[in-house]
Amino acid sequence: MIRVATVKDAKDIKGIHTLAIDGLNSFYTQEQIAVWTSGDDDDMSSVIEHSPYFIVIEIQDKIVGFAGLRDDLSLRHLYIHPDHQKRGLGRELLLHIENYLKQNNNREISLEANKSCVGFYQNIGYSIQESKNIKISDQEIYITKMIKTL
Ligand SMILES: CC(C)(COP(=O)(O)OP(=O)(O)OC[C@H]1O[C@@H](n2cnc3c(N)ncnc32)[C@H](O)[C@@H]1OP(=O)(O)O)[C@@H](O)C(=O)NCCC(=O)NCCS
């Protein structure tokens with residue numbers, strides 16, 4: 001089931017965020033992963049509270065993934081718990097976000113994909129705009145800007 005997230009979900013969401021990024025250790029260094037996963041449950045509460053749209057997907061009342069938009073309506077987060085990846089849940093959440101944007105008269109969605117998931121987004125119709133390093137704290141993280149017309 002997909003539902004809108006509340007600040008009470010912050011701890012569960014932060015837990016999945018950390019686990020999913022820890023799983024990217026063949027793509028990024030320990031130092032990069034450490035800055036990327038820094039921030040605590042309160043920081044995640046604030047992100048949820050201020051996001052224009054932030055959703056979770058549950059299986060038997062347990063959160064197994066989440067997705068959220070930035071103020072500019074680009075995709076900020078899309079993460080599935082490692083135990084539940086590759087079962088269609090990421091696609092389901094992403095299509096839900098796209099439908100939300102379409103219903104609100106948006107004709108485009110953009111995001112910054114990490115090295116591991118460019119193929120996932122291409123599979124769902126996204127095109128590459130550019131790849132570059134972005135700075136998080138003292139680390140450079142290589143990302144790819146992608147876009148899809150809705
Ligand atoms: C990337 C992620 C969101 C994908 O969610 P998922 O539930 O595992 O993916 P799905 O099962 O919905 O996959 C949909 C399709 O994309 C493919 N796919 C999934 N992950 C992929 C990947 N990393 N690279 C290429 N293709 C991928 C699937 O095989 C499937 O293809 P099919 O429709 O032809 O069978 C999820 O694996 C995840 O959270 N990964 C770790 C964190 C991360 O990188 N998040 C994204 C932030 S940019």
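## A walk through the predicted model

Nine bridges tie strand 6 to strand 7, and the two strands run antiparallel. Please keep in mind as you read that this is a predicted model.

Let us stay with this pair for a moment. Strand 6 covers residues 127-136, and it is hardly covered: the count of buried residues among its ten residues is zero. Strand 7 spans residues 139-149 and contains Thr144. The two strands form a hairpin with two residues between them, and Ser137 in the turn has a positive phi of about 55°. Across the pairing, Ser131 has Thr144 in strand 7 as its bridge partner.

Is Thr144 buried or exposed? The answer lies in between: a residue counts as buried when 20 or more other C-beta atoms lie within 10 Å of its own. Thr144 has 19 other C-beta atoms within 10 Å, so it is partly exposed. Which residues does Thr144 touch, once its neighbours within four places in sequence are set aside? Its contacts are Ala113, Val118, Ile128 and Ser131. Lys132 is twelve residues away from Thr144 along the chain, and the C-alpha atoms of the two are separated by 6.4 Å.

Now to another group of strands. Strand 2 (residues 54-59) is joined to strand 3 by six bridges, and these strands run antiparallel. Within this pairing, Ile55 stands opposite Ala67 in strand 3. Strand 3 also pairs with strand 4 in the antiparallel sense, over five bridges. Here Gly68 has His77 in strand 4 as its bridge partner.

How many of the eight residues of strand 3 (residues 62-69) are buried? Six of them are, so strand 3 is largely enclosed by the rest of the structure. In strand 6, by contrast, the number of buried residues is zero.

Both pairings of strand 3 are hairpins. Strand 2 and strand 3 have two residues between them, while the hairpin of strand 3 and strand 4 has five residues between the strands. Most residues other than glycine have a negative phi. The residues in this table have a positive phi instead.

| Residue | Place | Phi |
|---|---|---|
| Gln60 | turn of the hairpin of strand 2 and strand 3 | about 45° |
| Leu73 | hairpin of strand 3 and strand 4 | near 70° |
| Ser137 | turn of the hairpin of strand 6 and strand 7 | about 55° |

Gln60 sits in the loop between strand 2 and strand 3. It is exposed, with 6 other C-beta atoms within 10 Å. Lys86 also has a positive phi, of about 65°, although it is not a glycine. You will find Lys86 in the loop between strand 4 and helix 4. With 9 C-beta neighbours inside 10 Å, Lys86 counts as exposed.

Next come the helices. Helix 1 (residues 10-22) and helix 3 (residues 41-50) pack with their axes 9 Å apart, at an angle of about 105°. The two helices are therefore roughly perpendicular to each other. Where they meet, helix 1 brings Ala10, Lys11, Ile13 and Lys14, while helix 3 brings Asp41, Met44, Ser45 and Ile48. The residues of this contact divide into four nonpolar, one polar and three charged.

Helix 1 is also home to His17. What counts His17 as partly exposed? The reason is its number of C-beta neighbours inside 10 Å, which is 19. Leaving aside its neighbours within four places in sequence, His17 is in contact with Thr37 and Tyr79. His17 and His81 are 64 residues apart in sequence, yet their C-alpha atoms are 7.9 Å apart in space.

Finally, we reach the ligand. Which of the 19 residues around the ligand come nearest? They are Gln85, Gly90, Arg91, Gly119 and Phe120. Several elements share in the shell around the ligand: strand 4 (75-80), helix 4 (89-103), strand 5 (108-114) and helix 5 (118-123) each supply at least two residues. By character, the residues of the shell divide into eight nonpolar, eight polar and three charged. Strand 4 thus appears in two parts of this tour: it pairs with strand 3 over five bridges, and it supplies at least two residues of the shell around the ligand.

Methods:
Residues numbered from 1 in each chain as written. Predicted model: local features only at pLDDT ≥ 70, side-chain atom pairs only at ≥ 80, totals over all residues. Near = placed C-beta within 6 Å. Helix = DSSP H or I, 4+ residues; strand = E, 2+ residues; numbered from the N terminus. Nonpolar A, V, L, I, M, F, W, Y, C, P; charged D, E, K, R; others polar. Axes fitted to C-alpha atoms, helices over the stretch in contact; angles between N-to-C directions. Parallel < 35°, antiparallel > 145°, perpendicular 65-115°, else oblique. Contact = placed C-beta atoms within 7 Å. Buried ≥ 20, exposed ≤ 12 C-beta atoms within 10 Å, placed from the backbone. Pairing = 2+ DSSP bridges.
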